[in-house]
Structure formats: C-alpha cells, structure tokens
Amino acid sequence: MVITRPAHTRSEYMLQNPYRDKGLLCLYFPFMIQSAQSYLQTTRLPGVVVVRCTAEWCKPCKTIAEPYSNMQIEGVRFYTIDVDKVDDFVDNAAAKKLPCFFIFKDGQRMGMVVGANLEALKTQILNIQNA
C-alpha cells in the first residue's frame with residue numbers, strides 16, 4: 001500500500017493554513033475546523049475524513065498532536081477541532097474524553113477512537129477505508 005498525503009487544492013490549504021499571513025503554504029498541517037458549520041461541511045465530504053477533537057488543556061492531546069499531523073494515508077483527509085473554541089460543536093456529547101477521533105466515510109460516521117492511541121486509529125481508518 002502506498003501511503004501519501006491526500007491531494008487538496010492550494011486554495012483549500014490557504015483557507016485553513018495558520019501561516020497564510022506570512023505567505024507560507026503549510027502542506028502537512030491538518031486543517032483546523034473553526035465553526036460548527038465548517039465541521040458539518042467537512043464531515044459530509046466524499047471519501048474518508050478523520051476529525052481529531054482536542055483542547056488546549058488536554059495533555060494527551062498535545063502528546064498525539066505531532067504524530068497525528070504527520071499521519072499520511074492515501075485518500076484520507078485529516079482535520080482538527082478544538083472543542084473549547086467552537087461553541088456549538090455538534091458532537092460535543094460524543095467527545096466526552098479527549099483526544100477523540102471521529103472517522104467518517106462518505107458523510108456517515110463510521111467509527112470513533114478515544115485516547116492517544118495512534119495504532120488503534122490507523123487500524124480503524126484502514127478498516128473503514130477498505131470496507
């Protein structure tokens with residue numbers, strides 16, 4: 001299996017790129033979801049979408065942040081949402097323990113991984129992708 005970063009357009013990167021004010025294009029930074037509406041749009045995208053729920057105060061979230069941002073699986077899009085910064089986050093009730101990862105396929109939530117377990121996350125993503 002070839003593992004590569006999914007192809008996104010330059011405009012998509014620029015919208016979510018935290019370095020856009022400096023004119024830099026950050027290709028390996030998971031998109032940050034800034035609103036509940038953006039979350040809903042993201043989870044309805046075709047293909048496999050992974051959303052990491054995090055918070056600034058969460059130590060396990062900080063531990064998994066870098067490995068998650070470096071995760072590359074062909075055909076999978078990676079996103080991050082800070083549950084404290086998005087007021088009306090739809091799946092807040094489901095994300096009671098952090099970090100929490102939601103895995104969507106073609107707009108349907110197919111799985112969830114709780115905790116900073118990168119191997120369990122990879123396994124679940126690949127299982128859902130190949131289902």
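Two strands pair if DSSP finds at least two bridges between them. The exercises below apply this rule and others to a predicted model.

**Exercise 1. Strand β2 and its neighbours**

Task: Determine which strands pair with β2, and in which direction each pair runs.

Solution.
- Step 1. Between β2 and strand β3 (residues 76-82) there are 7 bridges, and the two strands run parallel. Thr-54 lies opposite Asp-82 of β3.
- Step 2. Between β2 and strand β4 (residues 100-105) there are 6 bridges, with the strands antiparallel. Cys-53 has Cys-100 as its bridge partner in β4.
- Step 3. The cut-off is at least two bridges. β3, with 7 bridges to β2, pairs with it, and β4 pairs with β2 through 6 bridges.
- Step 4. For the parallel pair, the connection can be classified as well: β2, helix α3 (residues 59-69) and β3 form a right-handed β-α-β unit.

**Exercise 2. The two faces of β2**

Task: Sort the side chains of β2 by direction, and decide whether the strand is enclosed or open.

Solution.
- Step 1. In a regular strand the side chains alternate between the two faces of the sheet.
- Step 2. In β2, Val-48, Val-50, Arg-52 and Thr-54 point one way, while Val-49, Val-51 and Cys-53 point the other way.
- Step 3. Buried means under 20% relative accessible area. The residues on both sides of β2 are all buried.
- Step 4. Because 7 of the 7 residues of β2 (residues 48-54) are buried, the strand is largely enclosed by the rest of the structure.

**Exercise 3. Four cysteines**

Task: For Cys-58 and Cys-61, and for Cys-53 and Cys-100, decide whether the sulfur atoms are bonded or not bonded.

Solution.
- Step 1. The cut-off for a disulfide is a sulfur-sulfur distance within 2.5 Å.
- Step 2. The sulfur atoms of Cys-58 and Cys-61 are 2.4 Å apart, and the two residues form a disulfide. The angle about the S-S bond is 75°, and the link is right-handed.
- Step 3. For Cys-53, the closest cysteine sulfur is that of Cys-100, at 5.0 Å, which is too far for a bond. These two residues are bridge partners in β2 and β4, but not a disulfide.
- Step 4. The structure therefore holds 1 disulfide.
- Step 5. Accessibility can be added for each residue. Cys-58 is buried at 4% and Cys-61 at 2%. Cys-53 is buried at 0%, as is Cys-100 at 0%.

**Exercise 4. An aromatic pair across the chain**

Task: Classify the ring pair of Tyr-39 and Phe-104, and say where its two members lie.

Solution.
- Step 1. Ring centres within 6.5 Å make a pair, and planes over 60 degrees apart count as edge-to-face. The count of aromatic pairs comes to 5.
- Step 2. The ring centres of Tyr-39 and Phe-104 are 6.3 Å apart and their planes stand at 75°, so this pair is edge-to-face.
- Step 3. Tyr-39 belongs to helix α2 (residues 36-43) and Phe-104 to strand β4; the pair links distant parts of the chain, 65 residues apart.
- Step 4. Tyr-39 is buried at 1% relative accessibility, and Phe-104 is buried at 5%.
- Step 5. Together with Phe-102, Tyr-39 and Phe-104 form one aromatic cluster.

**Exercise 5. Two salt bridges**

Task: Locate the 2 salt bridges of the structure.

Solution.
- Step 1. Lys-85 and Glu-56 form a salt bridge, 2.7 Å from N to O. Lys-85 is in the loop between β3 and β4 and Glu-56 in the loop between β2 and α3, so the pair ties together parts 29 residues apart in sequence.
- Step 2. Lys-85 is exposed, at a relative accessible area of 57%.
- Step 3. Lys-122 and Glu-119 form a salt bridge with their closest N and O atoms 4.0 Å apart. Because they are 3 residues apart in helix α4 (residues 118-130), about one helical turn separates them.
- Step 4. Lys-122 is partly exposed at 31% relative accessibility, whereas Glu-119 is exposed at 52%.

**Exercise 6. The two sides of α3**

Task: Identify which residues of α3 are buried and which are exposed on the other side.

Solution.
- Step 1. Cys-61, Ile-64, Tyr-68 and Ser-69 are the buried residues of α3. They cover an arc of only 125° around the axis, so they lie on the same side of α3.
- Step 2. Lys-59, Lys-62, Thr-63 and Glu-66 are exposed on the other side of α3.

Conventions. Residues numbered from 1 in each chain as written. Predicted model: local features only at pLDDT ≥ 70, side-chain atom pairs only at ≥ 80, totals over all residues. Heavy atoms only, no water. Buried < 20%, exposed > 50% of the residue type's maximum accessible area, 1.4 Å probe, protein only. Helix = DSSP H or I, 4+ residues; strand = E, 2+ residues; numbered from the N terminus. Right-handed = clockwise from strand over helix to strand, strands pointing away. Phe/Tyr/Trp six-rings, centres within 6.5 Å; stacked < 30°, edge-to-face > 60°. Salt bridge = Lys/Arg side-chain N within 4 Å of Asp/Glu carboxyl O. Arc of directions from axis to C-beta.
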